[in-house]
Amino acid sequence: MPIQRRKFIATVGSAAAAGLAGCSALQGSGTGSGNQSGNESDSGSGGSQPGITGETLTLTTTTSTYDTGLLDALNAPFQDHYGVTVDAVAQGTGAALETARNGDSDVVMVHARSLEDEFMREGYGVNRRDLMFNDFVIVGSSEDPAGIGDTESATGAFQAIAESESQFVSRGDNSGTHTKELVIWEEAGLNPENFGDWYMAAGQGMGEVLTQASQQGAYTLADRGTFLSMQSDINLEILVQGPIEGGPELLANPYGVIAVNPAVHENVNYDLAMAYIGYITSPEGQQIIENYTANGQQLFFPRALSEEPDFQQYVPEGWSASNSTDS
């Protein structure tokens, strides 16, 4: 890894760790309250791989994969098997993709398909794979001042919050969660730029936003995984469910993994990135994702393997053969 990238990882990694340390349940190794029982892998028995041993893979990913502790469960067997180090930098999806655009990442794991598609159309990413999914939920205090608990739609809930001018904490960081929030406001016919003091853009990761919302008795949009991993440490409850529990499909939250294009950034470790993508989308990696729990509940659902694979998982949405410039 070039010196420039080493400095980047040291700086951003420290900043990410500092930002996440505010969540008392997540201090330390980043495993949070996740239960890794049943997640052990025997992949290490195969030994490290020639030509890869001792190398470092730089992964930029969302704060939700870090906050929940899933990364530790996924990365440990991979590191043991290949004899490598995974340098995981937790950022919002927008920042993670921007880091990759700059050539400071080998692989990205994010959850905003529109931003992922843009990244691929621009030529920065290759070999995208669907990885897993959970969903978003709208959470708030049990008092529920906007009365959204009986609302069946995400847009209806957001409209009620705006009409009552109840406190709402936004990620405000161009993350996948923030991107989804903006889509919901738009679908509701509302623009956060016109909101008053009741709407606060935190510019923080999911864990910190949940903590702030809990302290203020405010509403927020959260990914189910991070909420469940922190549930015992915050005074918030799910008021509007996502599709996993029968809620609106608008709150679906799919994750993808993308290798950075070595034709654009020749310094990236493409071979190791593809080994990592192969591992986390393999039966072994998908089993780890399926088995990972917090507070007795499954946080993520594997999506890479299917009896009917969807070709669209590999290419930007809306792509067709007519888009190709190949003769």
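Here is a short conversation about reading pockets, salt bridges, a buried helix and a surface patch in a predicted model.

Trainee: Let's start with empty space. What is the volume of the largest pocket?

Mentor: The general idea first: rolling a probe the size of a water molecule over the atoms shows where empty space is left. In this predicted model, the largest pocket comes out at about 370 Å³. Its lining has 21 residues, and the ones closest to the centre are Ala-112, Arg-113, Ser-114, Pro-254 and Glu-317.

Trainee: Which elements give two or more residues to that lining?

Mentor: Look at helix H5 (113-121), strand S5 (125-140), helix H7 (176-187) and strand S10 (252-260).

Trainee: And how do the lining residues of the largest pocket divide into nonpolar, polar and charged?

Mentor: You'll find 5 nonpolar, 7 polar and 9 charged residues there.

Trainee: On to charges, then. How many salt bridges does a search of the whole structure find?

Mentor: Side chains of opposite charge can pair when their charged atoms come close. The search turns up 7 salt bridges here. Try Arg-113 again: its side chain meets that of Asp-117 in a salt bridge, 2.7 Å from N to O. Both Arg-113 and Asp-117 are buried.

Trainee: Why are Asp-117 and Arg-113 separated by about one helical turn?

Mentor: Because they sit 4 residues apart in helix H5.

Trainee: Which residue forms a salt bridge with Glu-116?

Mentor: That's Arg-128, with the closest N and O atoms 2.7 Å apart. This pair links distant parts of the chain, since Arg-128 lies in strand S5 and Glu-116 in helix H5, 12 residues apart.

Trainee: Are Arg-128 and Glu-116 buried or exposed?

Mentor: A residue counts as buried under 20% relative accessible area. Arg-128 has 1%, so it is buried, and Glu-116, at 0%, is buried as well.

Trainee: Where else should I look for salt bridges?

Mentor: Go to Asp-173 and Arg-171, whose side chains meet at 3.0 Å, N to O. Arg-171 is buried too, with a relative accessible area of 3%. There is also a network: salt bridges that share partners join Glu-98, Arg-101 and Glu-122.

Trainee: Back to empty space. How many cavities of 30 Å³ or more does the structure hold?

Mentor: A cavity differs from a pocket in that the probe fits but cannot get out. The structure holds 1 of 30 Å³ or more, and the largest cavity has a volume of about 40 Å³. Arg-171 is one of the residues lining this cavity, along with others including Phe-168, His-178, Glu-181 and Leu-221. Strand S6 (168-170), H7 and strand S8 (220-223) each give two or more residues to the lining. By type, the lining divides into 3 nonpolar, 4 polar and 2 charged residues.

Trainee: Now a whole helix. Why is helix H8 largely enclosed by the rest of the structure?

Mentor: Count buried residues along the helix. In H8 (residues 206-216), 9 of the 11 are buried, so the rest of the structure largely encloses it. Among the buried ones are Met-206, Glu-208, Leu-210 and Gln-212. Just after H8, look at the backbone of Gly-217, which takes a positive phi of about 65 degrees.

Trainee: Last one, the outside. Which residues make a nonpolar surface patch of about 300 Å²?

Mentor: Phe-311, Tyr-314 and Trp-319 make that patch. Trp-319 is found in the segment after strand S13 (301-302). With 33% relative accessibility, Trp-319 counts as partly exposed.

How values were computed:
Residues numbered from 1 in each chain as written. Predicted model: local features only at pLDDT ≥ 70, side-chain atom pairs only at ≥ 80, totals over all residues. Heavy atoms only, no water. Patch = residues over 30% accessible without salt bridge, like charges linked within 9 Å, V, L, I, M, F, W, Y side chains within 5 Å. Areas by Shrake-Rupley, 256 points an atom, 1.4 Å probe, with all protein chains shown as cover. Salt bridge = Lys/Arg side-chain N within 4 Å of Asp/Glu carboxyl O. Buried < 20%, exposed > 50% of the residue type's maximum accessible area, 1.4 Å probe, protein only. 1 Å grid on protein atoms, 1.4 Å probe; cavity = no way out; pocket = protein on both sides within 12 Å on 5 of 7 lines; lining within 4 Å. Points joined across faces, edges and corners; volume = space filled by probe spheres on them. Nonpolar A, V, L, I, M, F, W, Y, C, P; charged D, E, K, R; others polar.
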